[in-house]
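Here's a quick tour for anyone meeting this structure for the first time. Have a look at the picture, then read on.

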Amino acid sequence: MSRRRRSVMSDELKNELAKDLGFYETVQQEGWGGIKAMDAGNMVKRAIQLAEQAAARKS
């Protein structure tokens, strides 16, 4: 029973973060499964930072 996970981040946001963090070429060549766990973690951290900054601006 495989269950697909629904992505929380848009593909556009993921691609922008990968470009900013320097592993977009790997994503292009190997897909998202080709990135290192550390890179995925850094991508999530950066997305959280951006969300917090956006929330602070709205306050």
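Leaving out residues up to four places away in sequence, Ile35 touches Phe23, Thr26, Val27 and Ala40. Keep in mind that this is a predicted model. You'll find Ile35 in the loop between α2 (24-30) and α3. Is Ile35 buried or exposed? Its relative accessibility is 15%, so Ile35 counts as buried, since the cut-off for buried is under 20%. Another residue to look for from here is Glu25, 10 residues away from Ile35 along the chain, with 9.8 Å between the two C-alpha atoms.

Ile35 also belongs to the largest nonpolar core, which has eight residues. Its other members are Met9, Leu17, Ala18, Phe23, Val27, Met43 and Ala47. Which elements give two or more residues to this core? Those are α1 and α3.

One core member to pick out is Ala18. Not counting residues up to four places away in sequence, Ala18 touches Phe23, Tyr24, Val27 and Trp32. Phe23 and Val27 are on the contact list of Ile35 too.

Now for how two of the helices meet. Helix α1 covers residues 11-21 and helix α3 covers residues 37-58. They pack at an angle of about 110 degrees, and their axes are 10 Å apart. That makes α1 and α3 roughly perpendicular to each other, because angles of 65 to 115 degrees count that way. As for handedness, the crossing of α1 and α3 is right-handed.

Which residues do the meeting? On the α1 side they are Lys14, Leu17 and Leu21, and on the α3 side they are Asn42, Met43, Arg46, Ala47 and Leu50. Sorted by type, the residues of this contact come out as five nonpolar, one polar and two charged. Leu17, Met43 and Ala47 turn up in the nonpolar core as well.

Lys14 deserves a stop of its own. It sits in helix α1, and with a relative accessible area of 14%, Lys14 is buried. Setting aside neighbours within four places in sequence, Lys14 is in contact with Ser7, Met9, Trp32 and Met43. Met9 and Met43 are both members of the nonpolar core.

Helix α3 offers two more residues to look at. Ala40 lies in this helix, and so does Met38. Here is how they sit alongside Ile35 and Lys14 in terms of accessibility:

| Residue | Relative accessibility | Class |
|---|---|---|
| Lys14 | 14% | buried |
| Ile35 | 15% | buried |
| Ala40 | 27% | partly exposed |
| Met38 | 57% | exposed |

A couple of spacings help you find your way around. Ala40 and Glu12 are 28 residues apart in sequence, and their C-alpha atoms are 15 Å apart in space. Met38 and Leu50 are 12 residues apart along the chain, with 18 Å between their C-alpha atoms. Leu50 has come up before, as one of the α3 residues that meet α1.

Notes
Residues are numbered from 1 along each chain as its sequence is written. This is a predicted model: local features need pLDDT of at least 70, side-chain atom pairs count only at pLDDT 80 or more; totals for chains, interfaces and linings use all residues. Side-chain values use heavy atoms; hydrogens and water are left out. Axes are lines fitted to C-alpha atoms, for helices over the stretch in contact, and angles run from 0 to 180 degrees between N-to-C directions. Helices (H or I, at least four residues) and strands (E, at least two) are DSSP runs, numbered from the N terminus. Angles under 35 degrees count as roughly parallel, over 145 as roughly antiparallel, 65 to 115 as roughly perpendicular and the rest as oblique. A crossing is left-handed if the near helix is turned anticlockwise from the far one by less than a right angle, and right-handed if clockwise. Contact means heavy atoms within 4.5 Å. Ala, Val, Leu, Ile, Met, Phe, Trp, Tyr, Cys and Pro count as nonpolar, Asp, Glu, Lys and Arg as charged, and the others, Gly among them, as polar. A nonpolar core is a set of buried Ala, Val, Leu, Ile, Met, Phe, Trp, Tyr and Cys residues joined through side-chain atoms within 4.5 Å. Buried means under 20% relative accessible area, exposed over 50%, partly exposed in between (1.4 Å probe, protein chains only).
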